[in-house]
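Please open the structure in your viewer and keep the selection tool at hand, since this tour moves from one selection to the next and says what is to be found at each stop.

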Amino acid sequence: MYQYTKHALEKMDGLGIDKNEVEQAILKGMKWKEENTDKWHAQMSGIEVVFVKQENMFVIVTAYFAGRRK
């Protein structure tokens, strides 16, 4: 159900964000879609996740602390 890009895994590792936090943000957090792209954002508990929906899969593009520069 979740697929992580290499970039996302590296970013998460560097910031100490675990997969459970990312998945909970997508499931329960506030979500919005970027205009003119397929990218979605989810934010919860200070973590922001950028992802793309593909059929029955969420492809995690990146994750970072909300309010920080990407």
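The stops below go from the sheet to its helices, then to the core, the turns and a few single residues.

**The sheet**

Bear in mind from the start that this is a predicted model. Begin by showing the strands as a cartoon: five of them form an open sheet, with mixed pairing, in the order β1-β5-β4-β3-β2. The edge strands, each of which pairs on one side only, are β1 (2-4) and β2 (30-33). From one strand to the next, the twist averages 30°.

Next, select β1 together with β5, which pair in the parallel sense over three bridges. Within this pair, Q3 stands opposite V59 in β5, and Y4 stands opposite I60 in β5. Then replace β1 by β4 in the selection: β4 and β5 pair in the antiparallel sense, over eight bridges, and here V52 stands opposite V59.

**The helices on the sheet**

Now add helix α1, residues 6-15, which packs on the sheet and touches β1 and β5, its direction making about 35° with that of β5. Helix α2, residues 19-28, packs on the sheet as well, touching β1, β2, β3 (39-44), β4 (47-54) and β5, and its direction makes about 125° with that of β1.

While α1 is still in view, show the side chains of K6 and E10, which meet in a salt bridge with an N to O distance of 3.9 Å. Both residues lie in helix α1, four residues apart, or about one turn of the helix. How many salt bridges does the rule used here count? The count comes to one. As for the surroundings of the two partners, K6 is exposed, because its relative accessible area is 63%, whereas E10, with 48%, is partly exposed.

**The core**

In soluble globular proteins, nonpolar side chains tend to be buried together. In this model, the largest nonpolar core has 14 residues, and a useful selection is V22, I26, V49, F51 and I60, the residues with the most contacts inside it. The elements that give two or more residues to this core are α1, α2, β4 and β5.

Centre the view on F51 and display its contacts: leaving out residues up to four places away in sequence, F51 touches, among others, I26, W40, A42, F58, I60 and V61. The list of its contacts also includes K31, D38, K39 and H41.

Move on to A63, which lies in strand β5. Is A63 buried or exposed? At 0% relative accessibility A63 counts as buried, because the cut-off for that class is under 20%. Beyond its neighbours within four places in sequence, A63 is in contact with K11, M12, L15, I17, V22, E48 and V49. If you measure from A63 to K6, C-alpha to C-alpha, the separation in space is 12 Å, while in sequence the two residues are 57 residues apart.

**Two loop residues with positive phi**

Most residues other than glycine have a negative phi. Select S45, in the loop between β3 and β4, where phi is positive at about 55° although the residue is not a glycine. S45 counts as exposed because its relative accessibility is 70%.

Then select E55, in the loop between β4 and β5. These two strands form a hairpin with two residues between them, and E55, in the turn, has a positive phi of about 50°. With a relative accessible area of 85%, E55 is exposed.

**The start of β5**

Finish at M57, in strand β5, which covers residues 57-65. Which residues does M57 contact, leaving aside its neighbours within four places in sequence? They are M1, Y2, Q3 and V52. Of these, Q3 is worth a distance label: M57 and Q3 are 54 residues apart in sequence, yet their C-alpha atoms are 7.0 Å apart in space. M57 counts as partly exposed because its relative accessibility is 27%.

How values were computed:
Residues are numbered from 1 along each chain as its sequence is written. This is a predicted model: local features need pLDDT of at least 70, side-chain atom pairs count only at pLDDT 80 or more; totals for chains, interfaces and linings use all residues. Side-chain values use heavy atoms; hydrogens and water are left out. Buried means under 20% relative accessible area, exposed over 50%, partly exposed in between (1.4 Å probe, protein chains only). Contact means heavy atoms within 4.5 Å. Two strands pair if DSSP finds at least two bridges between them. Axes are lines fitted to C-alpha atoms, for helices over the stretch in contact, and angles run from 0 to 180 degrees between N-to-C directions. A nonpolar core is a set of buried Ala, Val, Leu, Ile, Met, Phe, Trp, Tyr and Cys residues joined through side-chain atoms within 4.5 Å. A salt bridge is a side-chain nitrogen of Lys or Arg within 4 Å of a carboxyl oxygen of Asp or Glu.
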